[in-house]
Amino acid sequence: QPRSLAVYDNQLVVAGNQYSAEPALLRWDGTSMTPFGPELLGWVNQLTIFNGELIAGGAMTLNPGNIDVSVARWDGAHWNDFAPGLPGEAFAFAVEGNALYATTSLRHPGGGWSSVISRRDGTSWTSWTPDLDGYVTALAFHGSHLVAGGTFQHGGTAFANNIAAWTGAEWQPFGVGFGLNGIVSALAVFNGDLIAGGAFTS
């Protein structure tokens, strides 16, 4: 099942979910579809380009070594852990300048899940738990604001239904009204406009 697309090295890269030993990524060279880096297995939820490199996020395994990773980096020949790694499963990326943002989902020992947003602008990650009462499954920058989409109702004390903008100090509702009436699973900027995809009607 395809989950994400990216153009890298003039080829279309397709990410999906694999339960078997098949590669999680394929690439289309204009003629045929072939495995892209067969050492990366598992679930790939998102692809992005950061500093000219292809980045994959999900719940993945790197071989050899059977190493569990949430974010992996293609160095031009092989997939590598984007060390230090992030715990949990990565769902979305956003890029602003020289910084890469990622959202991951963590399962608590006593049950339940929470989302974590992390920022990488060098060799390490800085992570924080967003004050959103649900899950974050999409990220994008619109103007100077980081916009999060997913399934939640509040950002801090503000009512922000499934989509919210981080001002650097607090979450605010994004757009007209208080958000969207269903899950937001994808965000992208096109011609200056923020485009949201998901299961909603208004």
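1. A good place to start is one pair of residues: serine 127, in β12, is the bridge partner of serine 118. Strand β11, residues 113-120, pairs with β12 in the antiparallel sense over 4 bridges. Here strands are DSSP runs (E, at least two residues), numbered from the N terminus, and two strands pair if DSSP finds at least two bridges between them.

2. Before going on, please keep in mind that this is a predicted model: local features need pLDDT of at least 70, side-chain atom pairs count only at pLDDT 80 or more, and totals for chains, interfaces and linings use all residues. Residues are numbered from 1 along each chain as its sequence is written, and side-chain values use heavy atoms, with hydrogens and water left out.

3. Now step back to the sheet around that serine pair. It is an open sheet of 4 strands in the order β9-β10-β11-β12, with antiparallel pairing. Its edge strands, β9 (89-96) and β12 (125-128), each pair on one side only. From one strand to the next, the twist averages 25 degrees; axes are lines fitted to C-alpha atoms, and angles run from 0 to 180 degrees between N-to-C directions.

4. There is another open sheet of 4 strands to find, with the order β13-β14-β17-β18 and antiparallel pairing. Look for β13 (135-142) and β18 (171-173) at the edges, where each pairs on one side only. The twist in this sheet averages 35 degrees from one strand to the next. Strand β17 (residues 163-166) and β18 are joined in the antiparallel sense over 3 bridges, and alanine 164 stands opposite proline 173 in β18.

5. Asparagine 161 deserves a look too. You will find it in the loop between β16 (158-159) and β17. Is asparagine 161 buried or exposed? With a relative accessible area of 17%, asparagine 161 is buried (under 20%; exposed is over 50%, partly exposed in between, with a 1.4 Å probe and protein chains only). A polar atom of its side chain lies 2.9 Å from the backbone oxygen of leucine 180. Leaving out residues up to four places away in sequence, asparagine 161 touches Phe152, Gln153, Phe178, Gly179, Leu180 and Asn181, where contact means heavy atoms within 4.5 Å.

Conventions. Polar contact = N/O pair within 3.5 Å; in protein donor to acceptor, adjacent residues only side chain to side chain.
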